[in-house]
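Trainee: I'd like to learn how to read a model like this one. Can you walk me through it?

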Amino acid sequence: MTAETHENATPRGLPDWVWYAGLPLAAIIWWALYSQLIPFSEWVTALFPVDRNSHTGEAIAFFVYDVPKVLLLLTGIVFVTGVLRSWFSPEKTRVILAGKRQIWGYPLGAMLGVFTPFCSCSSVPLFIGFVSAGIPLGVTFSFLIAGPMVGPVGLGLLYGLVGWKIATIYLVFGFTIATVAGLVLGRMGLERYLQDWVRELNTGPVGDLPEERLTLADRLKIGALQVREIVGKVWIWVLVGIGIGAAIHGYVPEEMMLRIMGGEAWWSVPAAVVVGVPMYTNAAGVIPIVEALLGKGAALGTTLAFMMSVIALSLPEMIILKQVLTYRLIAIFIAVVSAGILATGFLFNVIM
Amino acid sequence: MKTVKVYGPGCKRCETAEQMVKDAAQKLGLQVEVEKITDQKSIAMAGVMSTPGIAVDGKLVHTGGLPDAAKLEGWLSA
């Protein structure tokens, strides 16, 4: 810990040219590693004294292919996102959204939710900052739903592990749910269900923060710090998720999957949501499970519903928001978002 | 003597930020009073929407993420 603090406290890090030269170099290394994933994983699998086509062999192959792949993808996505997000901040977003009472405040809120950097530990000050600046409650909700729901990590991994078609479907429907749920919540006039002190709060004019001038090298550095912080934090979720995915891939029989998560079983969609909401993991942990489920023939709608409820609705976040929202408002919030997820699940089970 | 307020509900980054302020003050040989604000209401009232936030003598100088060490020294010695 002390070492880390001191490293951060170095007045100047690497000179700028190292960042500019290092970027293409890192990209080439990344690409070279990524292109060798299949031979690498087959080579590692062959080291185990098991039949490649047995249940265990399949599970091992899945695991050793997915771990380096997900970690590489995660590193790349977090870096690019970190750099892009350095152009955004909650303060700027608030200025853009303040006073946007018209209908397009909702999709705009959802879009900014994807690009604005914020961590769940500052959800409360962010929420208060938005509401007290006159941003409608519904738009604030669109922002808060879209952030995790269509976050770049989930989308990027979905693209890399499952394919662009499903990633696009997820993007479109995740975004639509965030927009429509915000709109519905906004129309319900829920301001009276905020905690009393929040309603009475008036933060007054915002102290104008001097805008920090950043060079491109500074932004690259922000991206690299993000990688260290986020990958350092979520890798354990990734391993657990891939472990579960590997077990499903290797051992769960297809006919059982079809019975439980197939399109025929109408109750599978609400069941997926009920199971998914209390589950708390990073998007990076759930996508490998999604990959394995789809590979075994789980219905797309059911799987989407599961993924959305795991990522977008999490109990820890609700507990944090409890400080500003009453239970009643939290319940309405969960109900509206779940309704959107259920609708998406049923729709895809019917049309696919 | 300068008064520095570090705003944050108590996540790891906020603690690191507080330590960075102390380290920077020590390095510059400045007497600095560091106050940690963890109450959500006070954080929001100060206009901080992404934590950690740092205010020097009542003026907000930084929000969101760890501050740059060189800039931090600049704020403290200004």
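Mentor: Sure! Keep in mind that this is a predicted model. Let's begin with chain B, where 4 strands make an open sheet in the order β2-β1-β3-β4, with mixed pairing.

Trainee: Which strands of chain B stand at the edges?

Mentor: Those are β2 (32-37) and β4 (59-63) of chain B: each has a single partner strand, so one side of each has no neighbour in the sheet. From one strand to the next, the twist averages 20°.

Trainee: What holds strands together, and in which sense do β1 and β3 of chain B pair?

Mentor: The general idea first: strands of a sheet pair through backbone hydrogen bonds, either parallel or antiparallel. Here, β1 (residues 2-7) and β3 (residues 53-56) of chain B pair in the antiparallel sense, over 4 bridges. Look for Val4(B), which stands opposite Val56(B) in β3(B).

Trainee: Which strands does helix α1 of chain B touch?

Mentor: Helix α1 (residues 12-28) of chain B packs on the sheet and touches β1, β2 and β3 of chain B. Its direction makes about 175° with that of β2(B).

Trainee: Now chain A. How many helices and strands does chain A have?

Mentor: Chain A has 18 helices and 0 strands. Its C-alpha atoms fill a box of roughly 70 × 60 × 35 Å along the principal axes.

Trainee: How does the radius of gyration of chain A fit a compact globule?

Mentor: For 352 residues, a compact globule would have a value near 20 Å, and chain A has 22 Å, which agrees. Buried residues make up 42% of the chain A residues.

Technical notes
Residues are numbered from 1 along each chain as its sequence is written. Chains are lettered from A and ligands numbered from 1 in the order in which they are written. This is a predicted model: local features need pLDDT of at least 70, side-chain atom pairs count only at pLDDT 80 or more; totals for chains, interfaces and linings use all residues. Helices (H or I, at least four residues) and strands (E, at least two) are DSSP runs, numbered from the N terminus. The radius of gyration is taken over C-alpha atoms; the globule rule is 2.2 Å times the number of residues to the power 0.38. A residue is buried if 20 or more other C-beta atoms lie within 10 Å of its own, exposed if 12 or fewer, and partly exposed in between; C-beta atoms are placed from the backbone. Two strands pair if DSSP finds at least two bridges between them. Axes are lines fitted to C-alpha atoms, for helices over the stretch in contact, and angles run from 0 to 180 degrees between N-to-C directions. Two residues are in contact if their C-beta atoms, placed from the backbone, lie within 7 Å.
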